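Colleague: I am new to reading models like this one. Could you walk me through the terms as we go?

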Amino acid sequence: MDTIRLIEIREDILSDNQTLASELKADLKNRKTFLLNLMSSPGSGKTSLILKTIEKLKGKFRIGVLEADIDSMVDAEKVASTGVQAVQLKTGGFCHLDASMVKAGLDAFDLDSLDLIIIENVGNLVCPAEFDTGAIRNAMILSVPEGDDKPLKYPLMFSVCNVLVVNKIDYLASSDFDMQAMKERVKKLNPGIAILEVSSKTGVGIDEWAGWLEGEVAAFIR
Amino acid sequence: MHELPVTQSILDIVLRHARMNGVTKIHAINLNIGELSDLQDEWIQRYFDYISKGSPAEGAKLKIERIPVVFRCNACTGSFEVRVKEMKDIVCPSCGKKDLTLVSGREYYIRDMEAE
């Protein structure tokens with residue numbers, strides 16, 4: 001029997017995904033197509049925010065939406081009814097999207113005819129945070145009814161996002177959600193993150209959110 | 001929940017190194033995984049045992065070293081460790097400031113393997 005050797009590997013486990021995500025980013029840069037990865041818990045309002053975003057920005061950008069869902073077409077149908085290109089990616093039992101799944105989804109679009117594609121990731125605050133999708137910016141929604149302690153429970157998600165949309169602020173009056181404490185917790189994990197307070201229902205803050213996104217897209221596709 | 005794709009990636013990487021090094025049997029794989037990852041050791045091993053059947057990695061033990069969460073204070077540049085369960089209202093223990101940068105705790109890394 002041979003003696004046991006110690007063989008050095010020194011490789012990142014997620015390097016395949018990272019490599020693919022980097023290639024995807026470079027390709028998007030060449031084509032001048034901005035990709036936004038939107039993540040949140042189920043029920044926090046991803047689809048509603050996307051619909052509001054389309055309403056605000058469809059006059060300025062050519063928009064596509066990549067919908068990830070376990071096994072339904074509900075969200076894609078809502079989005080398609082606004083007249084933008086929507087692709088439904090059925091993730092089977094998967095809990096997140098990775099770069100290869102996003103690439104497969106993007107292949108279904110005519111990328112050169114689009115300025116902005118929004119990924120509606122699987123509703124989950126855990127797994128999507130671990131996988132780079134190749135998106136140019138990561139956004140997340142935290143809705144008021146979920147509570148101000150979410151940054152403590154899902155620190156990785158809050159640390160990988162460029163912007164946090166605090167949605168359903170119309171519930172603030174009937175809730176003990178501490179906005180200041182939540183913001184401090186988030187800034188500790190991610191000092192550079194932008195935080196926007198929004199209600200998709202009343203429309204408060206939607207202009208600020210659309211303005212943030214418009215600035216990012218315009219700078220990228222210039 | 002995403003243990004399966006991560007485990008598949010571990011297997012792909014170690015089998016590639018096994019081929020490069022003429023390895024016939026892998027006994028153990030040493031991993032560095034950050035405390036911020038919620039991967040469950042037990043499940044990674046269970047999936048690994050399943051997908052590695054019939055390969056040189058069959059029966060290999062995954063030895064996971066958890067890398068602690070470390071923050072650096074942007075005010076006094078001191079570094080300090082934080083337990084994930086105590087990640088509430090963190091302040092720099094030296095100067096009391098709250099402007100912090102995450103230094104480690106997000107690792108997903110294969111260090112080496114014990115093989116013959």
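Modeller: Gladly! Two strands pair if DSSP finds at least two bridges between them. Helices (H or I, at least four residues) and strands (E, at least two) are DSSP runs, numbered from the N terminus. This is a predicted model: local features need pLDDT of at least 70, side-chain atom pairs count only at pLDDT 80 or more, and totals for chains, interfaces and linings use all residues. Residues are numbered from 1 along each chain as its sequence is written, while chains are lettered from A and ligands numbered from 1 in the order in which they are written.

Colleague: What makes strand 1 and strand 2 of chain B a pair?

Modeller: Pairing needs at least two bridges, and strand 1 of chain B shares 7 bridges with strand 2 (residues 61-67) of chain B, in the parallel sense. They therefore count as paired. In strand 2, B:Ile67 is the residue opposite B:Gly34.

Colleague: Why is the crossover between these strands called right-handed?

Modeller: The name applies if, with the strands pointing away from the viewer, the path from the first strand over the helix to the second runs clockwise. In chain B the path leads from strand 1 through helix 2 (residues 41-51) to strand 2, and this β-α-β crossover is right-handed.

Colleague: Which strand of chain B runs antiparallel to strand 1?

Modeller: Strand 6 (residues 108-115) of chain B, joined to strand 1 (residues 26-34) by 7 bridges. There, B:Asn32 faces B:Tyr109.

Colleague: How do you know that strand 6 of chain B also pairs with a strand of chain A?

Modeller: Strand 1 (residues 5-12) of chain A and strand 6 of chain B run antiparallel with 6 bridges, so the requirement of at least two is met. One pair of opposite residues is A:Ile7 and B:Met113.

Colleague: What makes a residue part of the contact between the chains?

Modeller: Two residues are in contact if their C-beta atoms, placed from the backbone, lie within 7 Å. The contact takes 32 residues from chain B and 29 from chain A. On the chain B side, strand 6 gives the largest share, 8 residues.

Colleague: What is the radius of gyration of chain B, and how does the globule rule compare?

Modeller: The radius is taken over C-alpha atoms, and the rule is 2.2 Å times the number of residues to the power 0.38. For 116 residues a compact globule would be near 13 Å, but chain B has 18 Å. Its C-alpha atoms fill a box of roughly 55 × 30 × 15 Å along the principal axes.
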